[in-house]
Amino acid sequence: MKYVRLGKRGPKVSTIGFGAWAIGGMNWGKTDDRDSLRALHSALDHGVTLIDTADVYGFGHSEELIAKVIAERGKNNLVIATKAGNDFYNADEKDDQGYGPIKQTYSKEYLIFAAEQSIRRLGVEALDILQLHSPDLDKLEQEEPWQALEQLKRDGKILHAGLSIQSFKETEQAHLLDTHHDLLDTIQVRYNLLERQAEKVLFPKALQYGIGVIVRIPLLFGFLTGKFNTDSRFTEDDHRKMNLSPEKLEHYLGQVAKMRPLFDRYPQQTMAQVSLRFCISHPACQVAIPGAKTNKQVEENCAASDFGTIPEHEIPALDLM
Ligand SMILES: NC(=O)c1ccc[n+]([C@@H]2O[C@H](COP(=O)([O-])OP(=O)(O)OC[C@H]3O[C@@H](n4cnc5c(N)ncnc54)[C@H](OP(=O)(O)O)[C@@H]3O)[C@@H](O)[C@H]2O)c1
């Protein structure tokens with residue numbers, strides 16, 4: 001496993017981390033906590049030092065599983081990046097838009113409350129990174145979410161402040177880095193071989209200001225492992241029923257066919273490994289956080305770190321898409 005500093009002010013982290021959404025046990029079909037705990041332990045055994053989670057994943061359950069692992073093995077050099085703003089504490093059925101009852105709440109008071117709940121749930125003294133959980137732009141144009149991060153930092157409740165940029169708003173929200181680069185230590189971005197909008201405006205700004213970049217959805221929900229085709233179907237309780245619908249799969253299969261020459265260069269590596277290497281090859285990006293449910297997936301994903309970055313001349317041209 002290779003390690004790198006997450007931006008100019010961030011902690012040192014493994015270049016492959018662990019995305020802990022699916023192990024929360026909601027929105028990804030059935031999960032088994034014993035498998036999830038094994039996957040988390042396996043990640044740490046393979047040198048992972050960054051775990052990305054959110055209070056809302058499994059409505060606290062993802063953080064609780066991480067807390068168990070910390071209690072067993074100690075916190076040591078582990079960096080936990082969590083998120084707040086998807087308020088499941090005060091939401092009811094009418095707020096359910098497919099991910100359970102959740103409201104977007106980015107008031108200063110609520111964010112401080114949510115951070116304190118995550119500290120308690122994780123059993124830590126402070127949150128290593130607290131990320132605003134992909135708010136709409138109108139919420140981010142208010143002062144309160146930024147005041148909350150400032151206050152939490154001042155009070156020592158968070159060590160680093162982050163923003164998880166909303167999917168497909170990478171360009172629209174990029175100007176926020178101009179305004180808040182003194183406060184923002186990290187951003188989290190949806191980025192993978194088939195979704196590269198962030199390269200246009202957002203990544204140059206992250207580089208300019210030395211803001212660390214955490215890459216999410218690096219395997220496009222598992223699609224970039226090569227295991228799905230147009231016949232793949234997902235259960236009702238799996239968000240991929242919508243996000244990898246037969247129509248979307250057909251579109252992605254057409255796009256990924258153009259990447260064949262890149263995969264063919266590395267016959268000894270799996271599609272997942274080449275796809276993950278792509279994500280950490282852009283100079284702005286330090287760590288990819290593939291989600292994983294089993295230790296076999298963890299092992300395969302972690303090995304991608306040691307294969308290192310992909311040389312610039314092998315990266316598919318942006319206009320190929
Ligand atoms: N707004 C936000 O802030 C936001 C949004 C989305 C995600 N995230 C974060 O980003 C993390 C990563 O994104 P993601 O989990 O949505 O997508 P992803 O990492 O692209 O895909 C993860 C899924 O792919 C499958 N998989 C992983 N490794 C595999 C392997 N080696 N071989 C075969 N299948 C494999 C697993 O599902 P199956 O085994 O069921 O196929 C796994 O749950 C999340 O866990 C979360 O921490 C944040």
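**Close-up views of a predicted model**

**View 1. The shell around the ligand.** In this predicted model, the ligand has 28 residues around it, and the closest are Gly-19, Trp-21, Arg-216, Gly-222 and Gly-291. Sorted by class, that shell holds 12 nonpolar, 10 polar and 6 charged residues. Which helix gives the most to the shell? Helix α12, covering residues 295–307, does, with 3 residues.

**View 2. The whole protein, for orientation.** Before zooming in again, here's the overall picture: the secondary structure adds up to 12 helices and 12 strands. The protein is as compact as a globular protein of its length, because its radius of gyration of 18 Å is close to the 20 Å that the globule rule gives for 321 residues. Its C-alpha trace spans about 50 × 40 × 40 Å along the principal axes. Of the 321 residues, 42% count as buried. If you look just at contacts with a separation of 6 or more, 77% of them come from residues 24 or more positions apart.

**View 3. The open sheet and its edges.** Follow the strands across and you get the order β3-β4-β5-β8-β9-β10-β11-β12, which makes 8 strands in an open sheet with parallel pairing. Which strands sit at the edges? They are β3 (18–19) and β12 (287–288), each of which pairs on one side only. Over at the β12 edge, strand β11 (residues 212–216) runs parallel to β12 and is joined to it by 2 bridges. Look for Val-215 here: its bridge partner in β12 is Ala-288.

**View 4. Strand β8 and its two partners.** Is β8 mostly covered or mostly open? It's mostly covered: the strand takes in residues 127–133, and 7 of its 7 residues are buried. Strand β5 (residues 79–84) pairs with β8 in the parallel sense, over 4 bridges. One pair to pick out there is Lys-83 with its bridge partner in β8, Gln-131. Strand β9 (residues 158–164) also pairs with β8 in the parallel sense, this time over 6 bridges. In that pairing, Leu-130 has Ala-161 of β9 as its bridge partner. As a reminder for reading this view, side chains in a regular strand alternate between the two faces of the sheet.

**View 5. The largest nonpolar core.** Nonpolar side chains tend to be buried together in soluble globular proteins. The largest nonpolar core in this model has 82 residues, and Leu-130, Val-215 and Val-287 touch the most other members. Helix α11 (residues 271–279) supplies the largest share of this core, 5 residues. Leu-130 will be familiar from the β8–β9 pairing, where its bridge partner is Ala-161. What does Val-287 touch, leaving out residues up to four places away in sequence? The list runs Leu-6, Val-13, Ser-14, Thr-15, Gly-17, Leu-50, Ile-214, Val-215 and Ile-280.

**View 6. Phe-203 and its surroundings.** Phe-203 belongs to helix α7, which covers residues 202–209. Why does Phe-203 count as buried? The reason is its crowd of C-beta neighbours, 23 of them inside 10 Å, whereas the cut-off asks for 20 or more. Leaving aside residues up to four places away in sequence, Phe-203 touches Ala-198, His-282 and Ala-284. Val-189 is 14 residues from Phe-203 along the chain, and their C-alpha atoms are separated by 9.5 Å.

Definitions and conventions: Residues are numbered from 1 along each chain as its sequence is written. This is a predicted model: local features need pLDDT of at least 70, side-chain atom pairs count only at pLDDT 80 or more; totals for chains, interfaces and linings use all residues. A residue is near a molecule or strand if its C-beta atom, placed from the backbone, lies within 6 Å of it. Ala, Val, Leu, Ile, Met, Phe, Trp, Tyr, Cys and Pro count as nonpolar, Asp, Glu, Lys and Arg as charged, and the others, Gly among them, as polar. Two strands pair if DSSP finds at least two bridges between them. The radius of gyration is taken over C-alpha atoms; the globule rule is 2.2 Å times the number of residues to the power 0.38. A residue is buried if 20 or more other C-beta atoms lie within 10 Å of its own, exposed if 12 or fewer, and partly exposed in between; C-beta atoms are placed from the backbone. Two residues are in contact if their C-beta atoms, placed from the backbone, lie within 7 Å. A nonpolar core is a set of buried Ala, Val, Leu, Ile, Met, Phe, Trp, Tyr and Cys residues joined through C-beta atoms within 7 Å.
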